[in-house]
Amino acid sequence: MKNVLMSAISVCFLLSACGSDSSKDASEKTEETNNQTQNNATKQQGESDNQKDSKETKGVETVVDNLDTPWSIAKTSDTFYLTERPGKIVKIKGDKKIEQKVNLEEDVSTAAEAGLLGLVLAPDFENSNEAYAYYTYENNDGQFNRIVKLKLDGDTWNEEALLLDDIPSGQYHHGGRLKIGPDNKLYATTGDASDEQNAQDRNSLGGKILRLNLDGSKPSDNAFSNSYVYSYGHRNPQGMVWTSDDKMYASEHGNQANDEINEITKGHNYGWPVIEGNEEKSNMESPLFTSGSDDTWAPSGLAYHDGIIYSAALRGEGIMKFDINNNKMNKVASDYGRIRDVYIVNNEIYFISNNSDGRGNPSGNDDKLYKVSLSQLK
């Protein structure tokens with residue numbers, strides 16, 4: 001377990017409000033409720049960093065607007081593909097936007113936080129037209145998440161193969177991020193489905209980071225025999241990224257604040273619901289960074305460049321920068337509302353706002369895909 005660094009940074013955030021439903025915890029309220037100004041002190045595990053939030057971000061360009069609750073960014077060559085939670089994929093080439101139909105075997109759920117979530121293109125996409133998707137569905141047996149292979153035919157995506165089904169899906173906490181790792185395996189984050197006991201149960205697919213072969217089979221070198229589980233003890237992880245030396249990191253929504261950025265190691269236990277934030281326990285991992293008990297970021301998609309992890313922040317309403325070499329963090333791009341995903345191309349970062357999901361405060365033509373030079377995010 002990592003030693004928790006004790007120095008702190010104070011940064012003022014403009015946050016959206018907690019809702020009035022006292023039965024939901026702070027992180028869930030973050031994902032479900034509307035706006036109110038609240039000032040909190042952010043706690044950081046690392047050295048003091050007196051940088052303040054940016055009030056204006058120079059050089060930000062709108063690539064496309066009028067997106068419908070976008071969730072995930074994927075890219076090949078000069079073309080982007082964005083999922084939209086109601087069950088669509090948007091193709092973006094230059095400033096041109098095409099809404100593409102998605103034919104799925106099950107009906108996409110309209111429950112809170114649910115829908116068509118993660119998307120990652122196959123390594124040979126330009127030849128195969130295949131991709132992998134994560135979506136929430138409902139039928140007579142209940143509500144679940146599944147991972148499928150899609151194939152693009154013209155401007156229509158079709159569900160071609162089911163890779164993994166019956167991933168727990170409660171009222172909240174669906175996880176949903178998909179990434180292909182440096183080992184050419186498919187990784188998926190899953191939430192605890194509002195049942196915190198799922199996270200510590202290694203027989204449950206909820207509250208985990210899963211690892212699959214690209215055909216949906218279980219890798220023989222996974223953490224546990226005959227299991228998809230790569231790591232466990234997660235509450236609601238929504239971002240994954242690998243650094244240039246193949247170290248893996250994930251973002252995670254905390255309960256009463258205590259959001260986390262964790263270094264992920266195969267087979268390790270990340271503590272939920274036994275520990276969270278700065279807490280420690282034998283054989284459980286504490287985070288590299290945490291928002292602490294007085295604040296929340298609601299971190300989502302991650303990207304990496306030159307020693308910095310960039311995290312989309314929903315309640316944090318911006319992009320968080322985590323300097324993993326110097327144990328520092330700060331927030332940038334704080335004037336675009338809720339941010340769901342980030343994607344880096346060369347020295348530019350693309351990000352999608354998520355203000356139209358019923359929990360934000362959308363402005364005209366929201367939501368949008370933006371881009372800005374990394375040099376502007378200081």
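This report describes the overall make-up, one open sheet, one enclosed strand, the empty spaces and one loop residue of a predicted model.

## Overall make-up

The secondary structure of the protein consists of two helices and 24 strands. Of its 378 residues, 62% count as buried, and the accessible surface comes to about 14700 Å², with 38% of that area belonging to carbon and sulfur atoms. When contacts in the protein with a separation of 6 or more are considered, 58% of them are accounted for by residues that lie 24 or more positions apart.

## The open sheet from β18 to β21

Four strands form an open sheet in the order β18-β19-β20-β21, and their pairing is antiparallel. The edges are β18, which covers residues 299–305, and β21, which covers residues 328–332, each of them pairing on one side only. Neighbouring strands of this sheet are turned against each other by 25° on average, with direction ignored.

Between β18 and β19, the latter made of residues 308–313, the antiparallel pairing extends over five bridges. Within β19, Ile309 is the bridge partner of Tyr304.

## Strand β16 and its partners

Strand β16 spans residues 260–264, and because five of its five residues are buried, the strand is largely enclosed by the rest of the structure. In a regular strand, side chains alternate between the two faces of the sheet. In β16, Glu260, Asn262 and Ile264 point one way while Ile261 and Glu263 point the other way, and all are buried.

Strand β15, residues 248–252, pairs with β16 in the antiparallel sense over five bridges, and Met248 stands opposite Ile264 of β16. Strand β17, residues 289–290, also runs antiparallel to β16 and is joined to it by two bridges; Thr290 in β17 is the bridge partner of Glu260.

## Cavity and pocket

Rolling a probe the size of a water molecule over the atoms shows where empty space is left. The structure holds one cavity of 30 Å³ or more, and about 60 Å³ of space lies in the largest cavity. The lining of the largest cavity includes Glu260, the residue of β16 that is buried and bridged to Thr290. Among the other lining residues are Arg235, Glu252, His253, Asp259, Tyr270, Trp272 and Glu276.

The largest pocket contains about 430 Å³ of space. It is lined by 19 residues, of which Ile73, Val120, Lys179, Tyr343 and Ile344 are the closest to its centre. Six strands each supply at least two residues of this lining, namely β2 (70–76), β6 (116–121), β10 (178–180), β14 (237–242), β18 and β22 (339–345). The largest share, four residues, comes from β2, while β18, a contributor to the pocket lining, is also an edge strand of the open sheet described above.

## Glu196 and its distant contacts

Glu196 lies in the loop between β11, residues 186–189, and β12, residues 208–212. With a relative accessible area of 36%, Glu196 is partly exposed, whereas the residues of β16 are buried.

Leaving aside neighbours within four places in sequence, Glu196 is in contact with Trp272 and Pro273. Glu196 and Trp272 are 76 residues apart along the chain, yet their C-alpha atoms are separated by 7.4 Å. Trp272 is also one of the residues that line the largest cavity, and this residue therefore appears both in that lining and in the contacts of the partly exposed Glu196.

Methods
Residues are numbered from 1 along each chain as its sequence is written. This is a predicted model: local features need pLDDT of at least 70, side-chain atom pairs count only at pLDDT 80 or more; totals for chains, interfaces and linings use all residues. Side-chain values use heavy atoms; hydrogens and water are left out. Two strands pair if DSSP finds at least two bridges between them. Axes are lines fitted to C-alpha atoms, for helices over the stretch in contact, and angles run from 0 to 180 degrees between N-to-C directions. Buried means under 20% relative accessible area, exposed over 50%, partly exposed in between (1.4 Å probe, protein chains only). Contact means heavy atoms within 4.5 Å. Accessible areas come from the Shrake-Rupley method with a 1.4 Å probe; for residues, only the protein chains shown count as cover. On a 1 Å grid over the protein atoms alone, a cavity is a set of points where a 1.4 Å probe fits but cannot get out, and a pocket is an open set with protein on both sides within 12 Å along at least five of seven lines; lining residues have an atom within 4 Å of a point. Grid points are joined across faces, edges and corners, and a volume is the space filled by probe spheres set on the points.
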